[in-house]
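Work through the following exercises with the sequence and the coordinates side by side, and try each task before reading its solution.

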Amino acid sequence: MGKRCAIGLMSGTSVDGIDAALVEIAGRPGESSGLIGAGGTTGEAAGDGPDGGLSVKLLAFLNLPYPEDTRQAIFRLFDPASATVDKVGEMNVRLGKLYADAALAVAAKAGIAPEAVSVIGSHGQTLWHAPEQGYTVQIGEGSVIAELTGIPCVSDFRPADLAAGGQGAPLVPYTEYLLYRSPEETLLLQNIGGIGNITVIPAGADSSQVTAFDTGPGNMLIDGVMRRLTGGRTGMDEGGRLAATGRCCAELLERLQAEAYYRLQPPKSTGRELFGDAYVEQLMGWRQELGVSDADLVATVTRLTAWSIGDAYRRFVRDRHPAHRMIVGGGGSYNPTLLRDLREELAPVPLVTQEEIGLSSDAKEAVAFALLAECTLAGLPGSLPAVTGARHPAVLGKLSLPYGRSPR
C-alpha cells in the first residue's frame, strides 16, 4: 500500500463548524508500531509504507465555520420535537454540500487535485445518540459529498458498532492506538470538545488493552452557560477569561458532581441528550437559588469539567494503569483556566497539549476519520470492542462512490 491522500471531516457537539484535514498515508493501518508515542512530534512513522509500518502526515488543515443560520437550525434539530422528517432531511443534504465544500477547500489548500484523493471520511453532525436503544443519528449525506467532490466517501461510522452491541462511540481511540502507543509510557489522551473523552493506552499495550470512554461534559456546559448569560451573543468563554475572574461555588459544584453518569462503569458514552439545554436550564435554576454570580458560575462549570476528567482517571484508571502523562486536545485545550484546573485535578500526572508535542488539537479528530475511512476501504475494523462494548470489532461506515470511480 503506497502513498495515498485521504481527507477527514469532523463536526462536533459544539457545532462550531467543519474541521477538514488532508493527510498522506502510507502502509497498512493495522501495521503501525506507534507513530508518536513518547518522543515523536511529527506524526510520521520512522518507516514509510509496508516495510516501515504506517505513516500518516498532515498536509493541510482548515476550519470552515457554519453559516450562522445553519448553526442555529442545527441547534433547533437537537430538540426531537423540532426535528421533523422534512427539516432533518433538508439539513442532511445541506450539510453534505457544506462538507463537500470543505473537502475541496482543504485539497486546494494542499495543492492536491480531488482525483488524487483516495477517500473522504466524514463523521457528520450528531443530532441524537442513544446507544441504550441501539441507534444514533448523524447527518451530512455521504452520497452528496461523493457526487460533488468526485471522491469516494465513507460516512455514518457509528451504526456498525451499535449493530454489534456497542456504544458506537468513542471511535477515535483505535486511531489513537495506531498513532500514539509507546513501549515505555502509559498515556492518557484527553479530548475536550463539547463532550470530554479519555483514551488510556498502557505501555506496550495491544489493541485489546486500550480503554476509552466519555468523561462527561467538555465545553458543552461552559458554552451553554455563556449563551444564557449573554442572550446568545457569545457561545464560549474565550481563553477562559470570565472563569479566571470567578471562584468555584462549592455547593453548586457538589450538586453537579452528584450526576449519576460519572459513576457509571465504562464502556459508556454521553452527549447533548444528557448535558444539553435541559441540563443548562436546571443549572441556571440552581444558580439563581444559590445567588451565584456570572463569573462564579462559569468558574464552577469549568471546574466541573476538570473534576470530571480527574475523577474518571482516579475512579476507573489509576489503580490499573497509573499514567506517565496526559496529552490534551480539542477546543478545551485553548482554555488556560480549564487547563489550570485540570493540572490540579491530575497532579502529579504531567499534562501537555497536542501543540506542545508538535501536533494540532484542531486537526486531531479530522485526521482520525481520514484514517478510519482508510481502514474501511481496506476492509479492516476501526473499532475496539474493549472501548465500545461491542461483541466483536466492526468495519465502520457506509461507502458512497461517485460515478465512474472505484474505491481504489
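The exercises below concern a predicted model and take up aromatic pairs, charges over rings and strand pairing.

**Exercise 1.** Determine how the rings of Phe75 and Phe78 are arranged, and whether the two residues are buried or exposed.

*Solution.* Start from the overall count, which comes to 8 aromatic pairs. For Phe75 and Phe78 the ring centres are 5.5 Å apart and the planes stand at 85 degrees, so the pair is edge-to-face, given that angles over 60 degrees fall in that class. As for accessibility, Phe75 and Phe78 are both buried.

**Exercise 2.** Classify the pair formed by Tyr261 and Tyr262, and place the two residues in their surroundings.

*Solution.* The centres of the Tyr261 and Tyr262 rings lie 6.5 Å apart with planes at 75 degrees, so this pair is edge-to-face. Tyr261 and Tyr262 are each buried. Following the ring pairs onward gives a cluster made up of Tyr261, Tyr262, Phe275, Tyr279 and Trp307. Finally, Tyr261 has the charged end of Lys268 over its ring, at 4.4 Å from the centre.

**Exercise 3.** Identify the strands that pair with strand 4, and give the sense of each pairing.

*Solution.* Strand 4 spans residues 117–122, and 6 of its 6 residues are buried. Strand 1 (residues 4–10) pairs with strand 4 in the parallel sense over 5 bridges, with Ala6 bridged to Val119 of strand 4. Strand 7 (residues 153–155) also pairs with strand 4 in the parallel sense, over 3 bridges, and here Gly121 stands opposite Val154.

Note on methods
Residues are numbered from 1 along each chain as its sequence is written. This is a predicted model: local features need pLDDT of at least 70, side-chain atom pairs count only at pLDDT 80 or more; totals for chains, interfaces and linings use all residues. Side-chain values use heavy atoms; hydrogens and water are left out. Rings of Phe, Tyr and Trp (its six-membered ring) pair if their centres lie within 6.5 Å; planes under 30 degrees apart count as stacked, over 60 as edge-to-face and the rest as tilted. Buried means under 20% relative accessible area, exposed over 50%, partly exposed in between (1.4 Å probe, protein chains only). A charge sits over a ring if NZ of Lys or CZ of Arg is within 6 Å of the ring centre and within 35 degrees of the ring normal. Helices (H or I, at least four residues) and strands (E, at least two) are DSSP runs, numbered from the N terminus. Two strands pair if DSSP finds at least two bridges between them.
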